[in-house]
Amino acid sequence: MAASLRIATAFVLMFILPESLTEAKAHAARLRYKREKEQDMTFSTLRRVYKEATGSLSTLAVLLPRDVVDGNPLKRSKKDWNLSLLAMSYGLAAIYTGSMPFLIQYGVGAFRWSSETANYYFSSIGVTRALVLTILWPLMIKLLKSRKAPASHTPFARDETLEATPLHRSLSPLRSRSRSHQRSTHQLHQRSTHSVNVDLLFARCAVGLEILACWVMATATSGAIFAVGTVVGALSVACLPTIQALSLEVYYPGGNSGAATRGGQAGTGRLLGALSVLQALGSQIIAPAVYGFVYSRTVATFPQAIMLVTACCFTVALVLLAFVRVPVFFWTVHSSLNTEEGGGEVRNEDSAEGLLVDVEVEAHE
């Protein structure tokens, strides 16, 4: 059965899924790869071996803190740790997937489960996760994200009052179009911030559920309570995809405009590739080693230690998520409009931090 599923998956990947790159981009990627290989041939053998061994880890550089400017060019740049904090919490959350074999061993040893009971237990986890990902979580996202974002007090809120004055009625149509574009951009940023807030809330709630589930499983006195705790933990299955969505929002502040400045789809591929490396390291390398060592050392005296290790990992992840801040979308629009109508000169300088309008109007004689 397992071999059939593997063969079917390979068939879908090779013949059904469409190619993600166009022919031109694929050809350019092949040429770039060929140039890199030719350049590597000029290096020593030891350096080539080192580069091949650490090639997968080099993708994690995209997760390092970045220098950001908060909208004022006179201020020093700050370090943005949001993406790094999300990546660390993502890696800690991914460790949990490597604990499932040891949880089944714990249930069999502590509650004398038979093979049939263990299979039912494992199936209940899969069914719960499927229901959460396909039904419960999308409904919650649609419910919360469909709500209107709270209005913020910005200079654009005074547009109606300003435009009612005779001075603003006398400005050129170009000025009006500029104000309309700024207002629509501001509303777009408001919706983006609201969406990030919802994702961050979901991620924190999912991690909190997992911590609660670990404590329920660790203190369970019967197999039924232990199974209930595991099902509660399965409700947090959307933690990893939610953190992925948050990472994309942080990596591309401002939506499509941010994506254009960071390389578009290529930047998305680098980010998702780095997160995949973290997930593989956590779930397939670190988790089996850590849980295997802990369970072998404590199975005779305190077998619940594996649940406490998981709870500690998720507690650290929750603390890291608590330091994540919603990205602030800074945008500055500078325009200088020189009009000769009426012999006047209009200068307009708007920004997200304030509104400064200098107008020099020469009265008509």
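## Working through a helical chain

The chain holds 15 helices and 5 strands (DSSP runs numbered from the N terminus: H or I of at least four residues for helices, E of at least two for strands). This is a predicted model, where local features need pLDDT of at least 70, side-chain atom pairs count only at pLDDT 80 or more, and totals for chains, interfaces and linings use all residues. Residues are numbered from 1 along each chain as its sequence is written, and side-chain values use heavy atoms, with hydrogens and water left out.

**Exercise 1. Get a feel for the whole chain: what share of its residues is buried?**

Step one: buried means under 20% relative accessible area, exposed means over 50%, and partly exposed lies in between (1.4 Å probe, protein chains only). Step two: 33% of the 365 residues are buried. Step three: turn to contacts, meaning heavy atoms within 4.5 Å. Of those between residues at least 6 apart in sequence, 68% join residues at least 24 apart.

**Exercise 2. Find S89 and work out how enclosed its helix is.**

Start with the place: S89 sits in helix α5, residues 82-94. Next, check the length. The expected span is 1.5 Å times one less than the number of residues, so the 13 residues of α5 should span 18 Å, and the end C-alpha atoms are indeed 18 Å apart. Now look at burial: 11 of the 13 residues of α5 are buried, so the helix is largely enclosed by the rest of the structure. Among them are N82, L83, Y90 and A94. S89 itself has a relative accessible area of 0%, so it counts as buried. Finally, list its partners: leaving out residues up to four places away in sequence, S89 touches I243, A317, L320 and L321.

**Exercise 3. Look at α15: which of its residues are buried?**

First, the length again: 18 residues should span 26 Å, and the end C-alpha atoms of α15 are 26 Å apart, which agrees. Then the answer: A305, I306, M307, T310, A311, C313, F314, A317, L320 and L321 are buried. Just before you leave, look at Q304, in the loop between α14 and α15. Q304 has 19% relative accessibility, so it counts as buried too. Not counting residues up to four places away in sequence, Q304 touches Y106 and A218.

**Exercise 4. Classify the ring pair W113 and Y121.**

Rings of Phe, Tyr and Trp (its six-membered ring) pair if their centres lie within 6.5 Å; planes under 30 degrees apart are stacked, over 60 edge-to-face, and the rest tilted. The whole structure has 12 aromatic pairs. In this one, the centres are 4.9 Å apart and the planes stand at 50 degrees, so the pair is tilted. Both partners are buried: W113 at 12% relative accessibility and Y121 at 3%. Ring pairs also link these two with Y106, F111 and F226 into a cluster.

**Exercise 5. Which residues touch the most other members of the largest nonpolar core?**

A nonpolar core is a set of buried Ala, Val, Leu, Ile, Met, Phe, Trp, Tyr and Cys residues joined through side-chain atoms within 4.5 Å. The largest one has 57 residues, and L63, L103, F226, I306 and M307 touch the most other members. Several helices, including α5 and α15, each supply at least two residues of this core. Its largest share, 10 residues, comes from α10. To finish, follow F226: setting aside residues up to four places away in sequence, F226 touches L103, Y106, F111, W113, Y121, M217, A220 and M307.
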